[in-house]
Structure formats: C-alpha cells, structure tokens
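I opened my notebook to look up a few helices and two loop residues. Here is what I wrote down as I went.

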Amino acid sequence: MYYHTGGLRPYNRSYKQPGDARGKTGAIRGNAKELAKRMGIRACLLCLLFLFWAKHDLLAQYDFRSWTTDNGLPQNLVRGLYQTPDGYLWIATLDGLARFDGNHFTVFNTVNTPGLVSNRLGIVGLPNGDLWINTEGGDLMRYHQGRFEVYAEKYGISREKVRGLVGDGTGKTWILHENAIMEWRESEVKFVNITPKDLHVNFEALRWDRAGFWGRAKNTLYCFRKGQFTSYELSRELFPGELWRVAADPAGNIWIETEDKKQYRIKDGRTTLMAERDRSSTTVFQDLQGNSWPMHVDARLDRVLEYSTGGIKRTIALNVMYLDRKGTLWIGTEGQGLHQLHKPLIKVYSTPQGVADKNIFSIYQDRSGAVWAGAWNTGLSRFQDGRFKNFTVADGLPSELVTALFEDRDGRLWIGSHGGLTVYENGKFRLAKIPALPKHSLVQAICQDRSGTLWFGTWEGLVSYKDGATKTYTKKDGLATDDIHVVLEGHSGDLWIGGYGGLTQLRNGEFSHWTRADGLPAENIRSLYEDSDGVLWIGTYDGGLGRFQNGKFTGYTTQNGLFNNGAFQILEDSRERFWISSNRGIYRVNKKELNEFAAGIRSAVSSAPYGKVDGMLNEECNGGLWPAGIRTREGELWFPTQEGIAVIQPDSLTIDPQPFPVILETFLLDNAPVSLEHPIEVAPNQDNFEIHYTAPSFIRPSQVRFRYKLEELDRNWVEAGPRRTAYYSHVPPGRYHFRVAAAISDGDWNEQGQALAITVLAPYYDTWWFRLTLALAVAATVALAWQYRVTQLKKAQAAQQAFSQQLIASQENERKRIAAELHDSIGQRLVVIKNLALFVLQPQKAENPSGTVETMKEISEEASLAIDETRQISYNLRPFQLDRLGLKKAIEAMVRSVSTASGIRFTVEIDDIDAVFAEDLRINFYRIVQESLGNILKHAQATEVQVHIKKMEGALWLTVTDNGRGFVPAEAPPQPGKGGFGLTGMGERARLLGGTFEIQSMPERGTTMIVEIPLKEAARG
C-alpha cells in the first residue's frame, strides 16, 4: 500500500481508515456480557479458566483451515482420521473413505472401489500404512497394498458382528465382536478372543478417538484401553442409575455421563463431579507432543475445542481429534467437515495486542531494544518488555500520521509526521524547529552519516543538517528525484538515496544518479539494502528487485522467479536469505540464487511466499515510508501491514523444508488407467501416456513445486511448478525410468519416492530380430546383386572378348578377302594386261596392226573390269554414297540394291537423319542397317521387309521387321556374317552410338530388330 499518489497528500489529522477494529472490540465485550447473563456459573468457570489459560499461554494463536463437501470432502460427518507413512491423510466419513494430500481428495466408495461393502465407515491405522475399517453395519475390512478386503470367517470372526474397533498406535488392533474383545494376531492371521472368561460384561465403545471399550457390572466399571483391562469402583451415591456414556482422554482420565445428565471424571483414582444438567465442564487436554488444548465437555460428552485465531477466540465442536507427524492438529466434526489447526509461522501484533492502530507504516528499533511503530492514523506505539505503549497527539506528537523514524547517535528519536519533525528525548516529545524543511514538505526517511550529518528525505528534496546548518538539495543539484523515500549510508561512507524517479549516490560531495535509461530496473524505489559484500539491493513498488555492483544492474521480476514485483523492504537473516515485503505478502529468496542469476549460472530463482495461511491477518504490506520493516538485534523480522505488525523468527522457523516423498498415483495410457504394481509396458500403437503424482503437504500445499524426468530421454529435469501431471507422447522405443522430485518453495528438493520403470515396445519393423532379418535380407540381396552384376560383367566381358576376337577375325578375313580379290581379280587382270602389253610389244606383232588393235581392246576391257572390281572393293570398305548423298540416301540405295538382288518386297520410311550423327559415326548406323538386311537375306527366308527410321520422343528409332521364319533370340549364336559381326556387332555399334539394341523374334513369326538412340537437342529438330 502507498498513502498518496501524485499530488494527493492527506494532511487532515482527523482522517480515519475504514474498518476500525475498535467497533469489533465493543461488540465482543457486549457479547461477553450477554453470555454472562445467560450462562451464569458457566461464564464464571470460563472466566477462571481463561485466567488459567492466559497465565499458561494456552490460547496461543493458531491458523485455521477447513474442508467440506464444497471443496472435495465426500461428506461433512468425519468419523476417523489417520496419516499413513507416505504422508496421506485418510478421512473416514459416512459417505466413503477419502485420501487427502493437502491439495486434492481421492474418494473411495462402494461404487468405484472393489472390496468396500459400505460407505459409513470408521478407521484405525497401522504403522505399515494398512488401515482397519469398520462399518455401521458391523463388517470389518482391511486396506492392504492398495486393496480392500472384507474380513470374516476365514479370520476368526463373523460378518455384521463387529461393534467396535480400536488401536494403540503401535500396530496392535482390537475389535468388539458381539460382546467379546478380540485381538488381531498377525502371526496367526486371525482374531483371538482375549476377554477374561470370568468377566461377563456388556461392552460398549469408549468415546473420544477410539480409546477402547467399557462395561459395567453392578458397581464396577471395566475399561479396556491399549491392551489392558482396568476396573473402577463406583459409589452408589454418585452412580445409582445407568451410565449413558463413558470416554477416556489422552491423559488416561475416565469421563462418565449418567442418566441424570451429570458428568464425572475419574483421575488418579479420585472421582470428581465436573458438571450437572445442561452445563459444560472445562478442562485442558494435552496431546502427545505436549501441546495443551482448552476444551469444553458438553452434554453427551461432546467436546468443544477452544482456540484463538486472528486475536479472536473461537470454538469447534469435534468428533475426532488427530495430531499428524508435523504437529498439525486435525479436527473431524459431526457435520461441519474437516478442520486443521497449526501454530502460525508469523506472529502478528495488532490492536488486540495493544498496538495503537492496525495500519502500520514505519518500524524502528532503538538502542535500548524498544521497537517503535508508526501508525497511519493513531500515533506511535512502542513495544518494550513484551508490552505496547501508545503515544498520540495528547502526548506531544504534532500529528497522528507518523511517516519516518530514526535514532541519532545522541539517543534522540526523530519522528517524521504530517505535522512536521518531532524529537523524543528524556521521555518527552518536542517539535523540532530545526532543520528548516522545505515548505509543505513531508519527511519520509531519516539517516545520520558517520560524520554526524543528519539527512532528511522529503517529497521536496534532500535536506542535510549539521551544527545548526541546513541545506536542501534537489534535482538541480544532481539528484535523480526530489521525491525521496529512503536514505542509506553504505559501508564505504557513500550515501544512497532512492525515490520515485531513480537512484542517487553521494560520494565526496558529488552526486551521481541512475534512471531506467542507465539500466536501473525501475525508478519507483521504495527500499535499499547494502549487504556485507558491498552489493546494493534495490526494492521497487512494482518493478521487482534490483542488484547493483561494479556499475552493473541486474533486475529480478516474477518472470525470473520472484513471488511478486513489489519489494517494499529487504531484510537479510543470518542464513543469507532475503525477506521482502509486498502487496501480496512477504516472500523469501536465497541471496546465493540471486547472485548466481546475476553471474549467469542459473536462469531463474525460487521464492517462498508467506501470507494468511502462515498467520498474517492481511497480506498487504505497507511501504514507501522509512524504515518499512527491521531486523531486530534478536534476529526477528518486523514488517508493517494493513492489519498490524507481522513478526517472523527466521532462525527458528518451524517449517518442514521438504514435503513428504513423492507418490506416483496414476498411470494413464491413452486415457486408460494402468496398474502401477508392475513395470509399465507401452505397446507400439499406444502413443500417449501421462503420470499423476503428488507429495502430501498440509501447511503450504499450494507452494509445493515439482520437477520430473524420463531418464534415458530427458537430459534435464522438466520444471513442472505446482502441476502434478507429466505428459508424454510418441516416446521412442526403449527402457526408461520415470523420476519426480518435490520441494516446498525455495527449500531443498526431496527426490525420495517411487521410480517407475517404463518399457516402450518397438513395432515389429523396429525390433532387433526384424532389423537382423532385414540386414540379412539386405546382405543377401546385395550379395545376389553383386553376383548378378559380376555375372553380367563377366558376360559383358566375354561378349567384349568375343566381339574383339570377332573383330580381329573379321579384320583378318576382310584382309584375306581383299587380298584374295586383289590377287584373284585385279591382280589376275593386271597380269593379263601385262601379258597382252608384252604381246603387243613383240616385233612380229608390229607387222600385224589388226592383231595389235584387238589386243589393245582386250587390254582396255581388262582394265575396265579391274576398275569396277576396285570400286566394288572400295564400296565394301565404305559406301561412297555416305559422303556424296548422305546417310538417308545411302540407306535407301542399299535397300533398293538388296531388293533388286533378292526379289524381297521392301517398305521403307526414313526421316531426315543426315544431321543426327557426326560424320565419323554415320558408318556405324549404316552398318547396323546393312547387317540386319544381310541377316534377313541369309537366314530369314522372308518375302516382305519393313524398314522404318523415325525421330520420336527425343530419340531415333530404327525398326527392321521381316515376315521370315524367326528364331529364339536366346538360342541364336551371334555369328558374324560376311563383312559384319552378327548380332553382337550390331549391339556394339548401337552402344557406341549411345543407344540400345533389341531383337524380338519367335519361330515362324518373323523377326523385329529395334534400335533406340537418344538424340541431342540440336539433332531433334
């Protein structure tokens, strides 16, 4: 809270805050008078008892919480309470059994729980976590290892015969079976009758927390408690009639109510009348931890607990009273639900304790140890020797609105208020005429440096005062702001000034200042603190916490882990933890974490909030006036709030630093629950699972935070905050361990608890055997492919070798043919020509001219024939048409020549292919056509042949089809023909042209030869 905004500055001394507690006090007094009139003697007894309580501090402050059906309890009538070792609190009601972790109720009833035969239950717990459960119908059940089982004949008892159930807290259990007391023998796994044979008594259950059983025989009262039978002689004068009810308190005292509604107590063998008809007796019960609880015992031996919370006395009519292992008292009521009482962590001083006003701003401890508190509208309170003394305008204060407190080195207490500066000295207040403050200013902070200079922070600037001299500094002199809220002298003697506008440092008479533009986290400064390392900590109204060291600012807000962005006061305890006040309460943060954040070692800090659940009457703290809280010399931390002073003893804070171990509650696989008794297996088609966990904590359940990891998958912890569920989807196959840890606020992590083994099964295609099979198959495939490739290469190599051999043989044959033709034809004709020429040259031929002419004619004819044969040999080596006419014309000429020579009818379609091949490659295509026609002439016995050469779809297609006898291509040896290389040669020539060669043939179906040669872009046109 802040008491002014902008220019609004209340100065009226008659101003009052709403909600004055004095009206409530008057109402309480009026109620007390009315109660005295109505209750008579009971009121007198209560007054005496209250004096006793006050003397022994029995009505200490307690925090109070309650649960009913409105927030999760299955039914408001509670018949049993027990805390199992895992931390759960089990609550037996008349509509089922509830398990409570401080945050959530899990209800077990006949609808959702096999083994439960009734919802109207009572319980007794065992140290091992088991529960004995009895029903109103007389059945007995046991909760063991997560299952409920009805106990009957198998265990030595009958169904619907159990009239009572008790335990002694150590594991021993007894039941009242019909009229016999029976003890559970774990070694024998049955109940055994332990009732003395000579004792013929009708037993009933003792009241109050299942203490035991009782029965009466004539003038003797028999009680069975904690495994022991005891008897009490009853006076005929006191107990002439029936005993209606009998109870036993924790101290072992016996309480009796008779049919005439009188109450008696038997203590140490003495019987005392405690109350008569329509009156209550009063007593004090002491629990097992030594805590004393004031109690009324009403009619029917109903107990009513007295306690105080928020300075107000309250009562609870209880049915069950249970103290858990953390010292928290649980109250089960007969229709008002479940209640919790525990000692608050924060003690509050307010108007009921004597503080002048509940709305406090500035707090200061003087050198005598007295603590002074400035109230908003009532004056000044001093706490000394355990009592408050208040001072108002009547005692000399100029105004009741106190704004600043400080004691100088001479022992004078300076008090800033709306009426000006006041000095308290020698038990008297006097108005301080000096220093001369700026007109209409208000002192908000006071400090004295080591030189003795007093500094006063006002909303009109900074004022210094020493040896009668006063000087005022403002922004013109170098201050960051004129609205000053805190003045602090550092360890080095520097003066630090904070206010609404920035931070200022005064060193050696020179001012330096910083604003947000210089890195200051926020400019609305409310508090400053310098630690032992010289680090300056800066608290703001709503901009978080700042850190300043070596010229560097670091900011902390809720985004970095602070509980609140307000930091009205910063107090450090002996464990180097900061306690910081804000509008939402007080929070604690570890200074080590703050420093590690500034150093970049961690990305966030953790903070622990404290509020109403911890004892504060109002979570809204006050600030803006200095000092807004102190750490006393005794180590206590005092913070001003809207409803009194919140006092914390951090060194003796009785808070459990860790919650109970984490418990895994539920595993959901695709939203279906799975038992946690065995390791979890997730099938390949189950993609999503979630794990519900908790850590029971009953004082601060909302501040329990969790982190978890799926080991072998999560490298780091997943910070879950208060969330109690972990979600996973599409987890890779493998074996995992799920772990979860819990901590309360900034406490240590409790990593104890269950670890869950989870196996995510792989689909068949992701299993080792499938991978092995696949690997073997791949290896086999590779081996087969390799073998096939090797075979193909060998075939290709063999074909290449055959082709090479055929090529060499063909070349040799061609040479032989040319040599033979040259020898047999041209050579012979040249010999003839030579001989004829010699013959002509003979002398005798000269005389016969006619014979010479004939010889010359023979020479000419032989020469012509030699020329023709030479040309034929040349044509066989390379057709001259290729060079003269082009590839198309050369092929057409070859086809005409074959057609003429063979009588076969040819159909020819040839596109313009002259530009398709380079000049040196045309002969290869020509020879393919030539060889195919030669094969037809030699082998096909065809009558019709179709020759098509087309450019289509980016390729040149050659198809030669005949209607001959055909053959099986696989069986036909690639025999070379005359002047050619057979099928192998044609295939090789096609490959040289970058194309493919294929033969399609069947016996008596003809043959088709197909050559496809891809065309380049230039040749496609």
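Before looking at helix pairs, I noted how an angle between them is taken: axes are lines fitted to C-alpha atoms, for helices over the stretch in contact, and angles run from 0 to 180 degrees between N-to-C directions. I also noted that this is a predicted model.

**Entry 1: α9 and α10**

I looked up helix α9, residues 922-940, and helix α10, residues 982-992. They pack at an angle of about 155 degrees. Their axes are 9 Å apart. Angles over 145 degrees count as roughly antiparallel, so α9 and α10 are roughly antiparallel to each other. I noted the crossing of α9 and α10 as left-handed.

Next I listed who touches whom. From α9, the contact uses N924, R927, I928, E931, S932 and N935. From α10, it uses G982, L983, M986, R989, A990 and L992. I sorted the residues of this contact by class and got five nonpolar, four polar and three charged.

**Entry 2: α9 by itself**

I then took α9 alone. It has 19 residues. From its first C-alpha to its last it reaches 26 Å, close to the 27 Å expected at 1.5 Å a residue. Is α9 mostly covered or mostly open? I found it mostly covered, with 14 of its 19 residues buried. Just after α9 comes Q941, which takes a positive phi of about 55 degrees.

**Entry 3: α8 by itself**

I moved to helix α8, residues 887-902. It has 16 residues. It reaches 22 Å from first C-alpha to last, close to the 22 Å expected at 1.5 Å a residue. Which residues of α8 are buried? I wrote down L887, A890, I891, A893, M894, V895 and V898. Just after α8, I found G903 with a positive phi of about 80 degrees.

**Entry 4: α8 and α9**

I put α8 and α9 side by side. They pack at an angle of about 15 degrees, with their axes 11 Å apart. That makes α8 roughly parallel to α9, because angles under 35 degrees count as roughly parallel. The crossing of α8 and α9 is right-handed.

On the α8 side, the contact is made by L887, A890, I891, M894, V895, V898 and S902. On the α9 side, I listed R922, F925, Y926, V929, Q930, L933 and L937. By class, the contact of α8 with α9 has 11 nonpolar residues, two polar and one charged.

**Entry 5: S451**

I left the helices for a loop. S451 sits in the loop between β38 (443-448) and β39 (454-458). Its relative accessible area is 39%. Partly exposed lies between 20% and 50%, so S451 is partly exposed. How far apart are S451 and G493 in space, C-alpha to C-alpha? I read 9.1 Å, with their places 42 residues apart in sequence. Leaving aside neighbours within four places in sequence, S451 is in contact with R409 and K466.

**Entry 6: R300**

My last lookup was R300, in the loop between β23 (292-297) and β24 (303-309). At 44% relative accessibility, R300 counts as partly exposed. R300 and T258 are 42 residues apart in sequence. In space they are 9.3 Å apart, C-alpha to C-alpha. Not counting residues up to four places away in sequence, R300 touches R207, R245 and E257.

Conventions. Residues are numbered from 1 along each chain as its sequence is written. This is a predicted model: local features need pLDDT of at least 70, side-chain atom pairs count only at pLDDT 80 or more; totals for chains, interfaces and linings use all residues. Side-chain values use heavy atoms; hydrogens and water are left out. Helices (H or I, at least four residues) and strands (E, at least two) are DSSP runs, numbered from the N terminus. The expected span of a helix is 1.5 Å times one less than its number of residues. Buried means under 20% relative accessible area, exposed over 50%, partly exposed in between (1.4 Å probe, protein chains only). Angles under 35 degrees count as roughly parallel, over 145 as roughly antiparallel, 65 to 115 as roughly perpendicular and the rest as oblique. A crossing is left-handed if the near helix is turned anticlockwise from the far one by less than a right angle, and right-handed if clockwise. Contact means heavy atoms within 4.5 Å. Ala, Val, Leu, Ile, Met, Phe, Trp, Tyr, Cys and Pro count as nonpolar, Asp, Glu, Lys and Arg as charged, and the others, Gly among them, as polar.
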